[in-house]
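The exercises below are to be worked through with the coordinates open. Each task is followed by a solution that goes step by step.

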Amino acid sequence: MTPAQVKLVQDSWKKVLPIADTAAEMFYSKLFAMDPAVKPLFKGDMKAQGRKLTGMLSTAVNGLTRLETIVPAAQDLGRKHVKYGVKDAHYDTVGAALLWTLEQGLGDAFTAEVKTAWASAYGILAKTMKDAAAAVPA
Ligand code: HEM
């Protein structure tokens with residue numbers, strides 16, 4: 001990612017944060033509509049789950065300027081997701097649901113540049129998580 005893309009992601013995330021709970025709710029509705037099979041993987045309270053997701057996204061977004069600071073947490077999260085029953089292919093659906101949610105939340109501010117920047121940021125995070133997951137012994 002270029003420094004300009006990092007800034008686009010960080011600035012646009014700041015606009016989503018005030019509506020984070022609503023955004024998380026929209027995200028999960030979209031995700032479950034896109035792939036109903038993932039719904040049973042979520043066992044806990046969805047509001048708390050939404051806060052964990054947006055919290056982790058905030059950490060990742062802030063850490064984009066110093067990637068090495070977020071890699072260990074992302075790897076740890078990727079390994080945990082193996083236990084939750086998450087497969088590699090799910091990351092594509094989650095990525096699409098995330099971009100859709102950002103588009104709803106940002107409206108006109110979700111420009112093509114912002115979309116590309118978010119796709120790269122999510123791609124980096126998802127790849128780090130998937131690589132760590134792949135290294136978990138079966
Ligand atoms: C960048 C991608 C992702 C991020 C940042 C993320 C974030 C998180 C976080 C922070 C937690 C809580 C972990 C904990 O309490 O230890 C969690 C749990 C979970 N995530 Fe993800 N996640 C991502 C991708 C995915 C994908 C692709 C799926 C597939 C459907 C998924 C499904 C789940 C499930 C099922 C749980 C456990 C829910 C429960 O305990 O009931 N996540 N995720």
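A residue counts as exposed when its relative accessible area is over 50%, as buried when that area is under 20%, and as partly exposed in between. The model to which this is applied here is a predicted one.

**Exercise 1. Three residues of helix α6**

Task: Classify Ala-134, Lys-127 and Thr-128 by their relative accessibility, and then describe the surroundings of each.

Solution. Begin with Ala-134, which is found in helix α6. Its relative accessible area is 66%, and because the cut-off for this class is over 50%, Ala-134 is exposed. As for its position relative to Asp-21, a residue 113 places away along the chain, the two C-alpha atoms are separated by 31 Å.

Next take Lys-127, which also belongs to helix α6, a helix made up of residues 112–134. Its relative accessibility is 48%, so Lys-127 counts as partly exposed. The side chain of Lys-127 is joined to that of Asp-131 by a polar contact of 2.6 Å. Gln-75 is 52 residues from Lys-127 in sequence, while the C-alpha atoms of these two residues are 9.4 Å apart in space.

Finally, turn to Thr-128, likewise placed in helix α6. Its relative accessible area is 17%, and therefore Thr-128 is buried. With neighbours within four places in sequence left aside, the residues in contact with Thr-128 are Val-71, Ala-74 and Gln-75. The side chain of Thr-128 also reaches a backbone atom, the oxygen of Ile-124, at 2.7 Å.

**Exercise 2. Ser-12 and its polar partners**

Task: Determine whether Ser-12 is buried or exposed, and identify what its side chain meets at 2.8 Å.

Solution. First locate Ser-12, which lies in helix α1, residues 3–16. Its relative accessibility is 3%, so Ser-12 counts as buried.

Then follow the side chain of Ser-12, which makes a polar contact of 2.8 Å with the side chain of Trp-118. A polar atom of the Ser-12 side chain also lies 2.8 Å from the backbone oxygen of Leu-8. If residues up to four places away in sequence are not counted, Ser-12 touches Leu-106, Val-114 and Trp-118, and Trp-118 thus appears both in this list and as a polar partner.

**Exercise 3. How α1 passes α3**

Task: Describe the crossing of α1 and α3 by the distance and angle of their axes, and give the make-up of their contact.

Solution. Two packed helices are described by the angle between their axes and the distance between the axes. For α1 and α3, the latter formed by residues 46–63, the axes come within 10 Å and cross at roughly 145 degrees. The crossing in which α1 passes α3 is left-handed.

At the level of residues, α1 contributes Val-9, Gln-10 and Trp-13, which meet Thr-54, Leu-57, Ser-58, Val-61 and Asn-62 of α3. Sorted by character, the residues of this contact comprise four nonpolar and four polar, with no charged ones.

**Exercise 4. An aromatic pair and its cluster**

Task: Characterise the geometry of the pair formed by Phe-27 and Tyr-28, and name the cluster that contains both residues.

Solution. Five aromatic pairs are found in a search of the whole structure. In the pair of Phe-27 and Tyr-28, the ring centres are 4.9 Å apart and the planes make an angle of 75 degrees; because planes over 60 degrees apart count as edge-to-face, the pair is given that label. Phe-27 and Tyr-28 are both buried, and together with Phe-32 and Phe-42 they form one aromatic cluster.

Key
Residues are numbered from 1 along each chain as its sequence is written. This is a predicted model: local features need pLDDT of at least 70, side-chain atom pairs count only at pLDDT 80 or more; totals for chains, interfaces and linings use all residues. Side-chain values use heavy atoms; hydrogens and water are left out. Helices (H or I, at least four residues) and strands (E, at least two) are DSSP runs, numbered from the N terminus. Buried means under 20% relative accessible area, exposed over 50%, partly exposed in between (1.4 Å probe, protein chains only). A polar contact is a pair of N or O atoms within 3.5 Å; within protein, one must be able to donate a hydrogen and the other to accept it, and residues adjacent in sequence count only if both atoms are side-chain atoms. Contact means heavy atoms within 4.5 Å. Axes are lines fitted to C-alpha atoms, for helices over the stretch in contact, and angles run from 0 to 180 degrees between N-to-C directions. A crossing is left-handed if the near helix is turned anticlockwise from the far one by less than a right angle, and right-handed if clockwise. Ala, Val, Leu, Ile, Met, Phe, Trp, Tyr, Cys and Pro count as nonpolar, Asp, Glu, Lys and Arg as charged, and the others, Gly among them, as polar. Rings of Phe, Tyr and Trp (its six-membered ring) pair if their centres lie within 6.5 Å; planes under 30 degrees apart count as stacked, over 60 as edge-to-face and the rest as tilted.
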